[in-house]
Structures are given as C-alpha cells and as structure tokens.
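Biologist: Please take a close look at one part of this model, the place where the two protein chains meet. I would like a connected account rather than a list.

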2 protein chains.
Amino acid sequence: MAVGRPRAFDREEALDKALEVFWRQGYEATSIAELTKAMGINPPSLYAAFGNKEALFRQALDRYVEKGSVRIREAMAQPTARAAVEKLLRDGADRLTDPTCPHSCMLVTGALACSEEAEEVRDEVASRRAMLETALRERFERARAEGDLSDNTDPASLARYVATIAHGMSVQVAGGATRKDLLDIVEVALKAFPA
Amino acid sequence: MAVGRPRAFDREEALDKALEVFWRQGYEATSIAELTKAMGINPPSLYAAFGNKEALFRQALDRYVEKGSVRIREAMAQPTARAAVEKLLRDGADRLTDPTCPHSCMLVTGALACSEEAEEVRDEVASRRAMLETALRERFERARAEGDLSDNTDPASLARYVATIAHGMSVQVAGGATRKDLLDIVEVALKAFPA
DNA sequence: CGAATTATATAGTGATCAGTACGGAACACA
DNA sequence: TGTGTTCCGTACTGATCACTATATAATTCG
C-alpha cells in the first residue's frame with residue numbers, strides 16, 4: 001500500500017471528465033475552474049495528480065487517441081483498402097454524431113487555431129491527426145503490394161484525400177450536420193476511390 | 001467635414017489588421033491587447049470605432065467573407081458544375097497556402113470549438129460556412145436543370161461533399177500541408193464528381 | 001502512540017482579461 | 001478667439017486567468 005493520505009477521487013474518472021470538457025471546448029477555451037468543477041476536485045488536487053493544464057490536456061489527448069486508434073486499427077484490418085475506408089468513414093459518422101459525446105473530433109476542435117503560447121499543444125494535436133493519414137497510407141501501400149490497389153494509385157495522395165474527408169466531416173458536424181448528412185458525404189466520397 | 005477631432009488612424013486598415021490576428025489565432029485566443037498592438041491604436045479607440053471585441057470580430061468576418069464570396073461567385077460562374085468545383089478547390093488550394101496570409105480558412109479556424117460565452121460567435125461563423133454549401137447546391141441544381149448533371153445526382157449531397165473537401169483542406173493546411181499536397185487532394189476528390 | 005508522508009480545502013498569488021473614466025488635444029464653426 | 005465636439009493616451013476597473021502557500025486531515029510504518 002502507498003504511504004500517506006489516500007487520494008479521494010478516481011484518477012481515470014477525473015481524467016475522463018477533463019477530456020470531455022477539453023473535447024467540447026478546446027484547449028485554450030477551457031479554464032482550470034471549469035475543469036476542477038467537472039472533475040469534482042480542487043485545483044491543488046488537479047496539479048498534484050496531473051501536473052498543469054497542458055500536461056492534463058496531453059493526458060486527456062492520450063486517452064482520446066487511445067480509443068480512436070482502436071477504431072482505426074479495426075478499420076484498417078478490413079480485407080480491402082476500400083472496405084477499410086468505408087468502415088473508417090461510416091464508423092466516423094456514427095461517432096461524430098454519438099449523442100453521448102461532444103459532436104466533434106477532438107483532434108480537429110482541440111487546438112486548431114490558438115495563441116502563440118499554445119503552439120506546442122496545437123502542434124501536438126496536429127501530429128496526432130497525422131497518425132490517421134499515416135495509418136491510411138500504410139494500409140494503401142499494403143493494398144498495392146497485394147494487388148488490391150493498382151500500381152498507378154499513389155498511396156500518399158489517397159491517404160491525404162481520405163484524411164481530408166474525415167477532418168472535413170468534423171467541421172461539418174460542428175456546423176450541425178446530422179448522421180445522415182455525414183453518411184451521404186461518405187457515399188459520394190467513396191466514388192473517388194479506385195474501383 | 002465631420003466636427004470634432006479627426007480620427008488619427010484609417011478605419012479599414014485597422015480592421016484589416018484585426019482581421020489578420022483573428023484569422024491567425026481565432027476569436028477567443030485573441031486578446032484586446034494583441035488587437036490594439038496590431039492595429040496600432042489604444043483600447044478606447046478600438047471600442048469607439050468598433051464597439052467591442054465581438055462586434056469587431058463580426059466586422060472582420062464580414063470583410064473576410066466579402067473577399068471570399070467574390071471567389072465563390074467566380075467559381076460558380078464557370079460553364080459547368082465540374083469546372084465550378086475544380087476552380088473553387090484549386091483556387092482554394094492557392095489561397096490556403098498564400099504566403100502573405102494565415103494558412104487557414106477563417107471560417108474553420110475562427111471559432112470552431114469555444115467556451116459557452118462565445119457560442120453566438122461560433123454559430124455566426126458556422127452560418128457563414130454554410131453559405132458555401134448553399135452556393136454549391138444552387139449551382140448544382142442549375143446544372144441539373146441545364147442537363148449538365150444527371151437527374152439522379154442529389155445536389156444537396158454533392159454540395160455537402162464538396163464543402164467537406166474544402167473544409168477538410170483547411171484542417172490539412174493547419175497541419176502543415178503544402179500547396180502540392182492540397183492539389184493532390186483536389187485531383188482525387190474530383191474523381192468522385194459525376195462525369 | 002508518535003513520525004513520516006501524502007492528499008485535502010481554503011484562500012490566496014501576480015498576471016492578464018475585456019472594457020472604461022478621465023483629462024487633454026485637435027478639429028469645425030461661430 | 002471662444003465653444004462644442006470628437007478623438008487621443010494614460011491609467012485604471014473588477015473579474016478571471018493559471019497556479020500555489022499553508023495548514024490540516026488521513027493514511028502507513030516504527
């Protein structure tokens with residue numbers, strides 16, 4: 001057993017609460033006061049357990065990406081490149097309109113534009129976004145090696161395209177797009193995919 | 001001539017400076033201190049000339065949209081729906097990577113996620129974003145009436161798709177995508193367009 | 001039971017936030 | 001030259017920002 005007074009709150013539960021606030025409002029628009037209220041703890045507990053606002057955000061981001069990368073892996077595991085993209089985008093439409101979560105992708109709304117002081121956070125979020133593109137490119141490279149995609153398809157361009165659709169869907173849903181709207185978009189987007 | 005001491009700064013020049021800061025950092029991440037510094041004026045002059053931070057942002061947004069809607073109209077004036085989309089997206093790629101401007105679309109980065117106090121601003125930006133989709137839908141409806149697009153294409157879905165690409169490109173460029181990257185995306189995206 | 005350790009709540013820190021009170025300066029007009 | 005009007009810069013407002021000093025409560029170990 002650890003010595004000293006035991007922590008009176010569940011660290012993971014509190015992190016999830018913080019995640020939700022950051023997810024909904026973004027990094028800079030979220031104050032410590034809002035965080036502590038949502039987490040049900042006082043500032044000293046927050047700082048003792050998570051470091052500071054930036055460190056807390058990064059830990060929340062880790063948690064967010066953790067769940068997201070599971071979905072990406074599941075999608076990429078589909079037998080064909082097209083099926084992988086189809087699953088990724090359709091599941092994305094579901095997730096972005098999940099009534100129990102903020103209607104957005106935290107990798108898009110978390111810190112897209114920001115003041116100079118938050119540039120490192122913004123870059124961190126951007127590099128997490130880039131992971132999707134990388135996963136797609138690798139999947140497409142594999143597909144080309146397997147003959148699933150023809151040799152004259154460029155995996156990098158195609159990956160950028162699919163990532164653009166995914167991130168664009170995040171913007172659409174922030175503007176009030178419904179699940180059906182997103183699924184319509186996916187339908188059209190898939191037409192660009194090499195047969 | 002107006003009575004009283006004349007204004008010592010150019011209102012439009014100052015507004016352009018404010019626009020640039022809002023464009024780069026977004027509404028909430030921008031402070032009055034940063035604005036007054038960029039505009040070369042003191043807070044009382046800002047408040048006398050523009051009202052308050054929110055009113056200034058809305059006026060900057062108007063100015064931004066003004067320029068943008070010219071480009072949209074030019075694109076929509078192309079002889080075919082496909083040519084319209086092609087021009088819109090290719091010009092968009094140029095604009096998003098213009099070295100003399102922030103590398104982003106203000107309608108995406110201006111206020112995507114925000115705190116509760118800024119919700120009205122966020123909604124205003126979203127409604128400006130929706131204008132692109134509307135312009136596209138109307139252009140596609142015309143194209144269908146002219147026989148340029150077949151009757152079984154849904155103008156609304158196609159418009160949502162193109163808007164999603166455009167907004168997705170904004171996110172890509174925020175993550176460091178180059179002009180060539182964006183043009184590659186446009187190339188792929190156009191394949192989804194009905195022949 | 002102390003002593004050591006760690007978490008807690010209260011109540012602050014200086015800095016910055018958006019916005020303004022105020023007195024003087026620059027103009028048009030009488 | 002005087003008067004009214006508008007803008008200017010300085011210096012400030014209370015509120016909120018991220019963060020913390022301090023004292024106390026709760027635990028383990030000797």
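Modeller: In this predicted model, every interface residue of chain B, 100% of them, is also an interface residue in chain A, so the two copies meet through the same surface. The contact draws 36 residues from chain B and 36 residues from chain A.

On the side of chain B that touches chain A, five helices each supply at least two residues: helix 1 (11-25), helix 6 (106-109), helix 7 (119-145), helix 8 (155-174) and helix 9 (179-190). Helix 8 of chain B holds the largest share of that side, with twelve residues. Sorted by class, the side of chain B that touches chain A consists of 17 nonpolar, twelve polar and seven charged residues.

The arrangement of the copies goes with this picture. A turn of 180 degrees, with a shift of 0.0 Å along the axis, lays chain B on chain A with an RMSD of 0.1 Å. This is the relation of a two-fold axis.

Both chains also take part in the surroundings of DNA strand D. There, 25 residues surround the strand, and the closest are Arg5(A) and Ser31(A) from one chain and Gly4(B), Arg5(B) and Ser45(B) from the other. The elements giving two or more residues to this surface are helix 2 (32-39) and helix 3 (43-50) of chain A, along with helix 3 (43-50) of chain B. Helix 3 of chain B gives the most, four residues. By class, the surface near DNA strand D has 15 nonpolar, six polar and four charged residues.

How values were computed:
Residues numbered from 1 in each chain as written. Chains lettered and ligands numbered in written order. Predicted model: local features only at pLDDT ≥ 70, side-chain atom pairs only at ≥ 80, totals over all residues. Least-squares fit on C-alpha atoms with pLDDT ≥ 70 in both. Contact = placed C-beta atoms within 7 Å. Near = placed C-beta within 6 Å. Nonpolar A, V, L, I, M, F, W, Y, C, P; charged D, E, K, R; others polar.
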